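Dear colleague,

Please find below the structure that I am handing over to you. My findings follow after it, arranged by region.

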Amino acid sequence: MKAMSALEVVREKYTNALLNGHTREAYDIIKEALSNQYSLIDVYTVITDAMYSTGDLWETNDISIVQEHVATAITQFVLTQISAESVKSFQMDSKKAAVFSVESNTHYLGIQMIKNLFNIYQMQTFEFGPNVPNSDLIERIQALNIDVVAYSVTMTEHIDKAVELSETLKMLDPETRPIVIVGGYAFHCDETLLKQVFYDHYFKTIKDLSGWLEEGKEFIKHTTA
């Protein structure tokens with residue numbers, strides 16, 4: 001059996017802490033990882049993988065919905081505690097991004113991580129939160145002159161609202177509409193769902209998005225034709 005890497009050991013410990021409902025232990029594991037020179041992206045990868053694991057266990061009825069909710073609440077606490085590590089000053093004339101979970105999706109851990117990541121790379125980021133009604137989104141995006149929209153779709157039942165949002169975004173002026181980035185657990189499980197939504201860029205993991213930003217790549221709009 002292949003030995004686990006040091007980061008995989010951290011992930012296993014963190015996942016176990018979540019499943020056992022141990023908030024302090026989970027936080028201490030992440031804090032220790034950061035103090036041991038792991039990057040914020042390494043830690044976010046650990047957290048994301050752990051949450052995917054708990055989601056898989058819930059879907060297969062190996063854990064209860066209560067355990068899944070506890071794991072989410074613990075991770076919410078951990079992200080709040082470490083969020084200051086990810087925030088750097090940005091210029092007020094920098095690109096503006098909006099991050100949110102699509103309407104009907106109440107999960108928001110991923111978008112919090114994306115907000116912090118965008119801030120690291122000098123983007124002024126507005127977190128609209130979870131379950132944002134499509135009817136309210138376009139007005140705020142245009143009022144704030146948003147350059148980049150990033151939203152997540154967690155469960156397959158949320159895809160209809162993502163499709164609805166896609167149709168609205170496609171109708172915007174192609175010269176002024178924001179660049180659209182999508183991600184989330186639903187696409188992670190079934191990438192064929194991407195065929196149903198309009199987007200410019202898809203990132204399977206936050207590490208993929210971080211690598212893109214680290215290399216200084218530009219987000220490019222795709223045509224709607």
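**Findings in the predicted model**

Thr-48 lies in helix α3. With a relative accessible area of 14%, Thr-48 falls under the 20% limit and is therefore buried. Beyond its neighbours within four places in sequence, Thr-48 is in contact with Met-113 and Ile-206. Please bear in mind throughout that this is a predicted model.

**Confidence**

The mean pLDDT of the protein is 89, and 93% of its residues reach 70 or more. Confidence is lowest in helix α5 (residues 109-120), where the mean is 87. The highest value, 96, belongs to strand β5 (residues 201-202).

**The nonpolar cores**

The largest nonpolar core comprises 40 residues. Which of its members touch the most others? They are Tyr-14, Ile-47, Ile-82 and Phe-118. The element that gives the most to this core is helix α3 (residues 40-59), with eight residues. A second core, separate from this one, has 26 residues, among them Leu-137, Ile-146, Tyr-151 and Leu-169. As a general background, nonpolar side chains in soluble globular proteins tend to be buried together.

Ile-82 merits a separate entry. Not counting residues up to four places away in sequence, Ile-82 touches Tyr-27, Ile-30, Leu-34, Leu-40, Val-43, Tyr-44 and Ile-47.

Leu-169, named above as part of the second core, is found in helix α7 (residues 159-170). Its relative accessibility is 1%, so Leu-169 counts as buried. Leaving aside neighbours within four places in sequence, Leu-169 is in contact with Ile-138, Arg-177, Val-180 and Phe-198. From Leu-169 to Glu-32 the C-alpha to C-alpha distance is 42 Å, with their positions 137 residues apart in sequence.

**The pairing of α1 and α4**

How do helix α1 (residues 6-19) and helix α4 (residues 65-82) meet, and at what angle do they cross? Their axes come within 8 Å and cross at roughly 120 degrees. The two helices are therefore oblique to each other, because an angle between 115 and 145 degrees is neither roughly perpendicular nor roughly antiparallel.

On the α1 side, the contact involves Tyr-14, Ala-17, Leu-18 and Leu-19. These meet Gln-67, Ala-71, Ile-74, Thr-75 and Val-78 in α4. By character, the residues of this contact are seven nonpolar, two polar and no charged. Tyr-14 thus appears both in this contact and among the residues with the most partners in the largest core.

**Helix α5**

Two residues of helix α5 are described here. Gln-112 has its place in this helix and is buried, with a relative accessible area of 15%. Setting aside residues up to four places away in sequence, Gln-112 touches Gln-76, Leu-79 and Glu-127.

Is Ile-120, also in helix α5, buried or partly exposed? At 23% relative accessibility, Ile-120 counts as partly exposed, since the limit for a buried residue is under 20%. The C-alpha atoms of Ile-120 and Asp-160 are 32 Å apart, although the two residues are separated by 40 residues along the chain.

**Ala-150 in strand β3**

Ala-150 is found in strand β3 and counts as buried, at 4% relative accessibility. Leaving aside neighbours within four places in sequence, its contacts are Ala-98, Val-99, Phe-100, Ile-114, Phe-118 and Ile-181. One of these, Phe-118, is also listed among the residues that touch the most other members of the largest core. Ala-150 and Gly-183 are 33 residues apart along the chain, and their C-alpha atoms are separated by 7.8 Å.

**Two residues with positive phi**

Most residues other than glycine have a negative phi. Against that background, two asparagines deserve a look. Asn-131 has a positive phi of about 50 degrees. Asn-131 is placed in strand β2 (residues 124-132) and counts as partly exposed, at 36% relative accessibility.

Asn-145 has a positive phi of about 55 degrees. Where does Asn-145 sit? Its place is the loop between α6 (134-143) and β3 (148-152). With a relative accessible area of 53%, Asn-145 is exposed.

With kind regards

Notes: Residues numbered from 1 in each chain as written. Predicted model: local features only at pLDDT ≥ 70, side-chain atom pairs only at ≥ 80, totals over all residues. Heavy atoms only, no water. Core = buried A, V, L, I, M, F, W, Y, C linked by side-chain atoms within 4.5 Å. Buried < 20%, exposed > 50% of the residue type's maximum accessible area, 1.4 Å probe, protein only. Helix = DSSP H or I, 4+ residues; strand = E, 2+ residues; numbered from the N terminus. Contact = heavy atoms within 4.5 Å. Axes fitted to C-alpha atoms, helices over the stretch in contact; angles between N-to-C directions. Parallel < 35°, antiparallel > 145°, perpendicular 65-115°, else oblique. Nonpolar A, V, L, I, M, F, W, Y, C, P; charged D, E, K, R; others polar. pLDDT = per-residue confidence, 0-100.
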